[in-house]
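Here's a quick tour of how this fold is packed, from the inside out. Have the coordinates open as you read.

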Amino acid sequence: MIVVIAATHLSSENRIMNARTINRIELVYQVARFGFLLALSVLALSALFATGAPVKTDNRSKPIEVTAETTSLKPPDKGQIPIAFLISDGAVVIDFCGPWEVFQDVMIPSSEEMPFRLYTVAETKKPIRTSGGMQIVPDYTIQNAPPPKVIVIPAQSAPSPAVLEWIRKSSKTTDVTMSVCTGAFVLAKTGLLSGKAATTYHGAFGRFAMEFPDIALRRGARFVENGNLATAGGLSSGIDLALRVVERYYGREVAQRTAYDMEYQGQGWMNPESNQVYASAPVSTAEHPLCPVCGMDVDPKTAPKSIFKGATYYFCSDDDKKTFDTAPDKFVNAESKSL
């Protein structure tokens, strides 16, 4: 759409006319005409930007397409929306407690009932030790959990086949199945993300891309949506994706009120491409080596190390060293591609 703003051209004779000879009626007419055209052009441009479709571009650092099927969700006419938080040993607290806080704080002015019903689910009822040592007794097991409409999958220990099957089966009827941080690995292992786009914690980009080459990794995305599947970046990104889910159910005003009540000032939930600081991988140098597996800073004086093709690589942990040693070529090639 092209908008042309036309301004009337006054003759040179009129421009130099002194104040006593100006035709005031003509002047008022010209001003009104210019103002009308200007207002019309502003309205047209506003409509253009409000209705323009997002552009789908490459998966490195460009805008992420939000398709029609991920723009809104219909809440039930009555009753609460059940949200299952799938956890296991090592579950990262902020990954699930951040979204938990979002969903529990949502209030709908026209309803006295809280809109979401929250519960934890695990493979067994055995108490779980999360990051930092917090202990949680799950509300339900995967055998008796109520059917969820939203599933939240935080970073956690490797899932069993039974857990993966529960995710697959439950996701057939969910409005949203969302991962946070390296919970994307759990969701990816179900096969549900195959052929789709996803994101994860920035320190796991390399491992994710190597382990799931059939998934288009979005570096620099705060979150990525695909129908009823969604993946968030690391840690606090889960708060933004949860607010985005609230927006999809109840609109932006309710989501904004929730963020305000939480005193959460992040804006990432309104901009899925807002993690651009992580779009490019940091470069490892001799002075400041980085773990080739997770990308974190390491201390070469104490860090585990491996020598491959004459080069020395340092790691955050023995587990990362073992991961590297099983396929060093993949990590070295991935590192060279990111430079």
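## Around F103

Keep in mind that this is a predicted model. Leaving aside residues up to four places away in sequence, F103 touches I83, F85, F116, L118, V152, A242, V245 and V246.

F103 also ranks, with F116 and F208, among the residues with the most contacts inside the largest nonpolar core, which counts 65 residues. Helix α7 (residues 237-250) supplies the largest share of this core, 7 residues. There's a second, separate core too: 11 residues, including C291, V298, Y314 and F331.

## Strand β1 and its partner

Two of the residues that F103 touches, I83 and F85, point the same way from β1 as I81. P82, A84 and L86 point the other way, and both sets are buried. In general, side chains in a regular strand alternate between the two faces of the sheet.

Strand β1 (residues 81-86) has 6 of its 6 residues buried, so the rest of the structure largely encloses it. It pairs with strand β2 (residues 116-122) in the parallel sense, over 6 bridges. Looking for a specific pair? I83 has L118 as its bridge partner in β2.

## Where α7 meets α8

Back to α7: its axis and that of helix α8 (residues 252-261) come within 7 Å and cross at roughly 145°. The crossing is right-handed.

On the α7 side, the contact uses L243, V246, E247 and Y250; α8 brings R252, V254, A255, T258 and A259. By type, the contact residues split into 6 nonpolar, 1 polar and 2 charged. V246 of α7 takes part here and is also one of the residues that F103 touches.

Notes: Residues are numbered from 1 along each chain as its sequence is written. This is a predicted model: local features need pLDDT of at least 70, side-chain atom pairs count only at pLDDT 80 or more; totals for chains, interfaces and linings use all residues. Side-chain values use heavy atoms; hydrogens and water are left out. A nonpolar core is a set of buried Ala, Val, Leu, Ile, Met, Phe, Trp, Tyr and Cys residues joined through side-chain atoms within 4.5 Å. Buried means under 20% relative accessible area, exposed over 50%, partly exposed in between (1.4 Å probe, protein chains only). Helices (H or I, at least four residues) and strands (E, at least two) are DSSP runs, numbered from the N terminus. Contact means heavy atoms within 4.5 Å. Axes are lines fitted to C-alpha atoms, for helices over the stretch in contact, and angles run from 0 to 180 degrees between N-to-C directions. A crossing is left-handed if the near helix is turned anticlockwise from the far one by less than a right angle, and right-handed if clockwise. Ala, Val, Leu, Ile, Met, Phe, Trp, Tyr, Cys and Pro count as nonpolar, Asp, Glu, Lys and Arg as charged, and the others, Gly among them, as polar. Two strands pair if DSSP finds at least two bridges between them.
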